[in-house]
Amino acid sequence: MKYLLIMQVNPAVLEALTEEEHKLIGDGHSEFMRVTQESGEFILTQALADPSNTKVVHGGTTPAVTDGPFLEAKEFMGGFYLLDCESEERVVELAKLIPDTRFKGLAIEIRPVMFSAGADL
């Protein structure tokens with residue numbers, strides 16, 4: 001089963017982290033990728049730009065394009081991992097390895113993938 005692990009980011013939390021904590025997060029993500037690549041569960045990861053770089057296309061008879069995120073929120077999707085795991089228990093176990101889970105205000109949301117198509121995903 002494929003799972004999307006969504007990194008929920010709160011900019012205020014990130015700004016308050018020390019240089020050492022930022023390094024811990026970076027090193028922890030590298031280790032997470034190593035572990036999941038070695039186990040064969042890693043499919044891909046992507047980091048996303050800050051929501052201030054967002055464009056939103058709104059529906060209607062003539063779609064409109066606006067700047068900024070669709071919703072105002074403290075947290076936003078900062079990136080994701082796509083994994084292929086044998087069970088929900090396994091993906092939860094792996095998500096706990098992501099260093100973001102050690103900091104209040106950061107989180108990993110786990111969502112099962114219901115459909116995928118494309119480059120051998």
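**Entry 1: a greasy spot**

I started at the surface, where Met1, Met114 and Phe115 make up a nonpolar patch with about 440 Å² of accessible area together. Note to self: this is a predicted model. I then looked up where methionine 1 belongs, and it sits in the segment before strand 1, which covers 2–9. Is methionine 1 buried, partly exposed or exposed? It counts as partly exposed, because its relative accessibility is 47%, and the partly exposed class runs between 20% and 50%.

**Entry 2: the whole chain**

Next I stepped back to the fold. I found three helices and six strands in the chain. Going along the sequence, I wrote the order down as β-α-α-β-β-β-β-α-β. For dimensions, I boxed the C-alpha atoms along the principal axes and got roughly 50 × 40 × 20 Å.

How much of the chain is buried? Of the 121 residues, 31% are buried. I also checked the contacts with a separation of 6 or more: 76% of them join residues 24 or more positions apart. As for the outside, the chain exposes about 8,100 Å², and 55% of that comes from carbon and sulfur atoms.

Then I counted charges. There are 10 positive and 20 negative side chains. I asked how far apart the centres of the two sets lie, and the figure is 2 Å.

**Entry 3: glutamate 86**

I picked glutamate 86 for a look at a loop. It lies between strand 5 (76–84) and helix 3 (88–95). Glutamate 86 has 76% relative accessibility, so I put it down as exposed; the cut-off for that is over 50%. I also took a distance from here to alanine 49, which is 37 residues away along the chain. The C-alpha atoms of the two are separated by 31 Å.

**Entry 4: salt bridges**

How many salt bridges does a search of the whole structure find? It finds six, and I went through some of them.

In the pair I opened to begin with, aspartate 27 bridges to lysine 23, and their closest N and O atoms are 2.6 Å apart. Both belong to helix 2 (residues 19–39), and because they are four residues apart there, about one helical turn separates them. Aspartate 27 is partly exposed at 41% relative accessibility, whereas lysine 23, with a relative accessible area of 53%, is exposed.

Further along helix 2, I looked at arginine 34 and glutamate 38. Their side chains meet in a salt bridge of 2.8 Å, N to O. Why are arginine 34 and glutamate 38 separated by about one helical turn? They are four residues apart in helix 2, which accounts for that spacing. Arginine 34 counts as partly exposed, at 35% relative accessibility. Its partner glutamate 38 comes out at 61% and is exposed.

This pair has company. I see Glu31, Arg34 and Glu38 linked in a network of salt bridges.

Last, I moved to helix 3. Glutamate 93 forms a salt bridge with arginine 90, and the closest N and O atoms are 2.9 Å apart. Here the spacing is three residues within helix 3, so glutamate 93 and arginine 90 are again about one helical turn from each other. I noted glutamate 93 as partly exposed, on the strength of its 46% relative accessibility.

Methods:
Residues are numbered from 1 along each chain as its sequence is written. This is a predicted model: local features need pLDDT of at least 70, side-chain atom pairs count only at pLDDT 80 or more; totals for chains, interfaces and linings use all residues. Side-chain values use heavy atoms; hydrogens and water are left out. Patches are made of residues with over 30% relative accessible area and no salt bridge: like charges are joined within 9 Å, nonpolar side chains (Val, Leu, Ile, Met, Phe, Trp, Tyr) within 5 Å. Accessible areas come from the Shrake-Rupley method with a 1.4 Å probe; for residues, only the protein chains shown count as cover. A salt bridge is a side-chain nitrogen of Lys or Arg within 4 Å of a carboxyl oxygen of Asp or Glu. Helices (H or I, at least four residues) and strands (E, at least two) are DSSP runs, numbered from the N terminus. Buried means under 20% relative accessible area, exposed over 50%, partly exposed in between (1.4 Å probe, protein chains only). Contact means heavy atoms within 4.5 Å. Lys and Arg count as positive and Asp and Glu as negative; His and the chain ends are not counted. The place of a charge is taken as NZ of Lys, CZ of Arg, CG of Asp or CD of Glu.
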